[in-house]
Amino acid sequence: MEEEAFEKPLLKRQYHENCPGCKVDQAKELKKDVSFRNLSYIWLAVLCGTLPVASLFPFVYFMVKDFNIAETEEDISTYAGYVGSAMMLGRSLTSILWGMVSDRYGRKPVIIIGIITVVIFNTLFGLSTNIWMAVSMRFLLGSLNGLLGPIKAYATEIFREEEQALGLSTVVAAWGVGLVIGPALGGYLAQETLHNHKDRIESTKNVEALEVGSSEADKDRIIQRDKSIFRNWPLMSSIIVYCIFSLHDVAYQEIFSLWALSPLRLGGLNFTTDDVGNVLAISGLAILVFQLTLYRLVQKACGPVALVRIAGVLSIPLLQCYPLMTMLSGFTLDIVINIASILKNVLIEAIATSLFILQNKAVEQHQRGTANSIAMTGMSAFKTIGPASAGALLSWSQKHINDSFLPGTHIVFLALNIVEGLGVLLMFKPFLSVKN
């Protein structure tokens, strides 16, 4: 009896008045965690941070063309890649800093600064009159907007463990919709005015230590929490895999729009910006439905690791079919390209959500903001490479449209599949380590 009386206070959670973190934890304990208001906050913040990422892709081709900097039509994609990479370069340099700020001062200030940054610098980007202004505004937009790392940490922290998939699904759903609706809006609005001619850390540690008790296993767990985050291999391995898939994803997004807009003689589909916008808008709706209704069921059935492996493998034959679509036309082309785009984008978001789950399970709360920002830094660095290399590769392929081996865009989609295949391989042991 004395032993029970001694242990009981150790297991009782202490909540502090006027502490935001304690209020969240108390709400979770009372099972008041699934809040539509919280989900809507996450949705709007992520959508605001994501829309500018890819909204330029449908019109950047014409934007660069109007800058009169490209010597030939084939060179336009190269300069478009520089513009697309600038934002991710800026983000890669500052994401860890923003994550540390959010761990120290809270998620809200970083999210608010990020939203303000989007309003100011995305507007200035739209007013760019030359290539250097466009690149500079995109760079500042990326470096001063650090909300996506902290918002993932927030989405994990406000839900009980069994509902964390819902929070991260909301993040990825908004992310996916933003990445698809952004280009759709860019495509729809690009030529309204143009001619359409064909031509808090220590207190958290103490409370968590109080909860787990004094057994040897619990002591080991506390020591594990306090070690350097860069020595956490379950986290770092999942981040590296996430970076590989991010490189593939942003390269695909850049190539898809540029390829679809390119003329038939260069191996493209000769789409208008409205055509690209229609395809991406339909894909965005499909992502929304999948992430909010089906993802949790699929993830519970397969688990995040198996789901990434399956989605990655399915993506490879699907993507290699894209060059063959140039042989189609009319209604048949519309149906096929929409089905392919829906499947591809759903697989992309399934992979991203599953990796987010692995990353957030690999760290404790007091490191979660930093962990997510490390992931954002790595992702941004790889996404800096993606658009530039994808644009250059597409330009090169269009200059070799008549080659006998893998002519034109065949080599482009093969390159995308090589990156995808590498990501799938890294999802297996001994590279990937998963925290139980």
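This report walks through a predicted model of one protein chain, from its overall make-up down to a few local details.

**The big picture**

Start with the fold. The chain comes out as 17 helices and 0 strands. It has 436 residues, and 53% of them count as buried. The surface adds up to about 20300 Å², with 64% of that supplied by carbon and sulfur atoms.

**Two helices to look at**

Helices H5 and H16 are good places to get your bearings. The table puts their numbers side by side.

| Helix | Residues | Number of residues | First to last C-alpha | Expected span |
|---|---|---|---|---|
| H5 | 76–105 | 30 residues | 43 Å | 44 Å |
| H16 | 365–399 | 35 residues | 51 Å | 51 Å |

Both spans sit close to what is expected at 1.5 Å a residue, as given for H5 and for H16. H16 is mostly covered, with 25 of its 35 residues buried.

Where does H5 bend? Look at Thr94, where H5 turns by about 45 degrees. Right after the end of H5 comes Gly106, whose phi is positive at about 110 degrees.

**Around the end of H5**

The salt bridge count for this model comes to 1. Side chains of opposite charge can pair when their charged atoms come close. Here the partners are Asp103 and Arg107, whose closest N and O atoms lie 2.7 Å apart. Asp103 belongs to the stretch 76–105 that makes up H5, while Arg107 falls in the stretch 107–126 of helix H6. Are these two partners buried or exposed? Both Asp103 and Arg107 are buried.

Further along, the surface has a nonpolar patch made of Ile112, Ile116, Val119, Ile120, Leu124 and Leu127. Together these residues offer about 520 Å² of accessible area. Ile112, one of the patch members, is found in helix H6. Its relative accessibility is 41%, so Ile112 counts as partly exposed.

**An aromatic cluster**

Now for the rings. There are 11 aromatic pairs in the structure. One of them joins Tyr252 and Phe256, a tilted pair with 5.9 Å from centre to centre and 35 degrees between the planes. Both residues sit in helix H12 (residues 233–261), and because they are 4 residues apart, about one helical turn separates them. Tyr252 and Phe256 are both buried.

Phe256 also pairs with Tyr322. Why does this pair count as edge-to-face? The ring centres are 6.4 Å apart and the planes meet at 75 degrees; the cut-off for edge-to-face is over 60 degrees. Phe256 is in H12, whereas Tyr322 is in the loop between helix H14 (304–320) and helix H15 (330–361), so this contact ties together parts that lie 66 residues apart in sequence.

How covered are the two partners? Phe256 has a relative accessibility of 3%, so it counts as buried. Tyr322 is buried as well, at 0%. Zoom out a bit and ring pairs link Tyr252, Phe256, Trp259, Tyr322 and Phe413 into a cluster.

**Backbone details in the loops**

Two asparagines have a positive phi. Asn68 has phi near 55 degrees and lies in the loop between helix H4 (57–67) and H5. With a relative accessibility of 67%, Asn68 is over the 50% cut-off and therefore counts as exposed.

Asn270 has phi near 60 degrees. Its place is the loop between H12 and helix H13 (273–302). Asn270 is partly exposed because its relative accessible area is 37%, and partly exposed runs between the 20% and 50% cut-offs.

**Toward the end of the chain**

Helix H17 covers 409–425 and contains Gly423. At 0% relative accessibility, Gly423 counts as buried. What is the C-alpha to C-alpha distance from Gly423 to Cys243? The two are 8.7 Å apart in space, although 180 residues separate them in sequence.

In the segment after H17 you reach Pro430. The peptide bond running from Lys429 to Pro430 is cis, with omega near 10 degrees.

Methods
Residues numbered from 1 in each chain as written. Predicted model: local features only at pLDDT ≥ 70, side-chain atom pairs only at ≥ 80, totals over all residues. Heavy atoms only, no water. Expected span 1.5 Å × (residues − 1). Bend = angle between axes of the 7 residues up to and from the residue. Patch = residues over 30% accessible without salt bridge, like charges linked within 9 Å, V, L, I, M, F, W, Y side chains within 5 Å. Areas by Shrake-Rupley, 256 points an atom, 1.4 Å probe, with all protein chains shown as cover. Salt bridge = Lys/Arg side-chain N within 4 Å of Asp/Glu carboxyl O. Buried < 20%, exposed > 50% of the residue type's maximum accessible area, 1.4 Å probe, protein only. Phe/Tyr/Trp six-rings, centres within 6.5 Å; stacked < 30°, edge-to-face > 60°.
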